[in-house]
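Take a moment to look at the chain from one end to the other. The paragraphs below go through its sheets, its cores and a few single residues.

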Amino acid sequence: MAAVQTALDLGPRAAWSYTVYLRKTDGSPAVRLGEGQAAALSPDGKWVISGSQSSPVQLSILPTKAGEAKRLTSDAINHSWARWFSDGKRILFSGHEPGHGVRLYVQNLTGGKPQPVSPEGVNATSFALSRDGAAAGGIGPDGKGYLYPIAGGEVRAIPKLALGEVPIVWSADGRSLYVYQLGELPAKIYRLDLGSGQRTLWKQVMPSDPAGVELIGPIVLTPDGKGYVYGYHRILSDLYLVEGLK
């Protein structure tokens, strides 16, 4: 399994700057792919979706080996996050046009106008695409979970998804979603059955050193559900004692 990491560099312009790297899980050195903010690695491992550092944010794909970067979008949409379809020919992304709320869109890699598949106001970072590409699980404007059909049709509620829980990835058999509660420590990952709403605890995630950990995420699972990677935010402070002040 290969992991996409985003390295953060605060340059002399006093502005945040992002660079995309590819790092294998065997501990070998990271390989620089190009500028931008990494969003997702393609199913065949040959491309990485990257967000620009301009406004509105546009999407490109960077090759993981030899090759040239390709611009995917050039429009008024401010693109937030993205997922690959399993065939590697389309992507699902979140974004918003000026004066509108965030929606989920489908974009063909060969070009063309992106097609919206959700209402406005969905969560820009918390959505998962089914293995067969038929539906996206996301968080609606009311904070509840929904299944949005890619080809259009009836929107269905995700059964018994608690407020604050977000989808991570679809299970390999297409019957369940892996979900977790944002802000919970340790992070409890559940497998939620989309038919019955029954949930099964899959794993608890917490760094071995919990000092200062305030948030866990994002969490990424492999397609077979046998491996995972996660990030976390840690804040540490020093306490000083001053004596003899007058």
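Two strands are said to pair if DSSP finds at least two bridges between them. In this predicted model, strand S10 (residues 103–108) and S11 are paired in the antiparallel sense, with two bridges between them. One of the residues involved is Tyr105, whose bridge partner in S11 is Pro116. The two strands belong to an open sheet of four strands, in the order S8-S9-S10-S11, with antiparallel pairing. Strand S8 (78–84) and strand S11 (115–116) are at the edges; each has a single partner strand, so one side of each has no neighbour in the sheet.

Before going further, it helps to ask how far the model can be trusted. The average pLDDT of the chain is 89, and 93% of the residues score at least 70. Residues 1–14 are another matter, since pLDDT stays under 50 there. The model has 38 contacts beyond four places in sequence for that stretch. Where pLDDT is low, the predicted coordinates should not be read in detail.

A further open sheet of four strands has the order S12-S13-S14-S15, again with antiparallel pairing. Its edge strands are strand S12 (127–129) and S15, each of which pairs on one side only. Inside the sheet, S13 and strand S14 (residues 145–149) run antiparallel and are joined by five bridges. Ala135, for example, has Pro149 in S14 as its bridge partner.

Strand S13 (residues 135–139) also contains Gly138. Is Gly138 buried or exposed? Its relative accessibility is 2%, and the cut-off for buried is under 20%, so Gly138 counts as buried. Beyond its neighbours within four places in sequence, Gly138 is in contact with eight residues that can be picked out on the model: Ser126, Phe127, Lys144, Gly145, Tyr146, Tyr148, Ile158 and Pro167. Gly244 lies elsewhere: the C-alpha atoms of Gly138 and Gly244 are separated by 58 Å, with their positions 106 residues apart along the chain.

Next come the nonpolar cores. In soluble globular proteins, nonpolar side chains tend to be buried together. Here the largest nonpolar core has 24 residues, and those with the most contacts inside it are Ile158, Ile168, Trp170, Leu177, Tyr180, Ile189 and Ile219. Two or more residues of this core come from each of the elements S13, S16, S17, S18 and S20. A second, separate core has 14 residues, among them Phe85, Val122, Phe127 and Tyr146. To see how one member of the largest core is placed, look at Ile168. Not counting residues up to four places away in sequence, Ile168 touches Ala128, Tyr178, Val179, Tyr180, Ile189, Ile219, Val220 and Leu221.

Two serines are worth following together. Ser171 is located in the loop between S16 and S17, while Ser176 is in strand S17 (residues 176–181). With a relative accessibility of 0%, Ser171 counts as buried; Ser176 is buried too, at 4% relative accessible area. A polar atom of the Ser171 side chain lies 3.4 Å from the backbone nitrogen of Arg175. The side chain of Ser176, in turn, is joined to that of Arg191 by a polar contact of 3.4 Å. Leaving aside neighbours within four places in sequence, Ser171 is in contact with Arg131, Ser176, Tyr178 and Arg191. On the same basis, Ser176 is in contact with Trp170, Ser171, Arg191, Leu192, Asp193 and Leu194. Arg191 therefore appears among the contacts of Ser171 and of Ser176.

Finally, some backbone details. Most residues other than glycine have a negative phi, and most peptide bonds are trans. Which residues does a cis peptide bond join in this model? One such bond joins Leu185 and Pro186, with omega about -10 degrees. Pro186 is in the loop between S17 and strand S18 (187–193). A cis peptide bond also joins Gly217 and Pro218, where omega is about 0 degrees. Pro218 lies in strand S20 (residues 213–221). Lys160 has a phi near 60 degrees, which is positive although the residue is not glycine. Lys160 is found in the loop between strand S15 (156–157) and strand S16 (165–170). With 63% relative accessibility, Lys160 counts as exposed.

Definitions and conventions
Residues are numbered from 1 along each chain as its sequence is written. This is a predicted model: local features need pLDDT of at least 70, side-chain atom pairs count only at pLDDT 80 or more; totals for chains, interfaces and linings use all residues. Side-chain values use heavy atoms; hydrogens and water are left out. Buried means under 20% relative accessible area, exposed over 50%, partly exposed in between (1.4 Å probe, protein chains only). Contact means heavy atoms within 4.5 Å. A polar contact is a pair of N or O atoms within 3.5 Å; within protein, one must be able to donate a hydrogen and the other to accept it, and residues adjacent in sequence count only if both atoms are side-chain atoms. A nonpolar core is a set of buried Ala, Val, Leu, Ile, Met, Phe, Trp, Tyr and Cys residues joined through side-chain atoms within 4.5 Å. pLDDT is the predictor's confidence in each residue, from 0 to 100.
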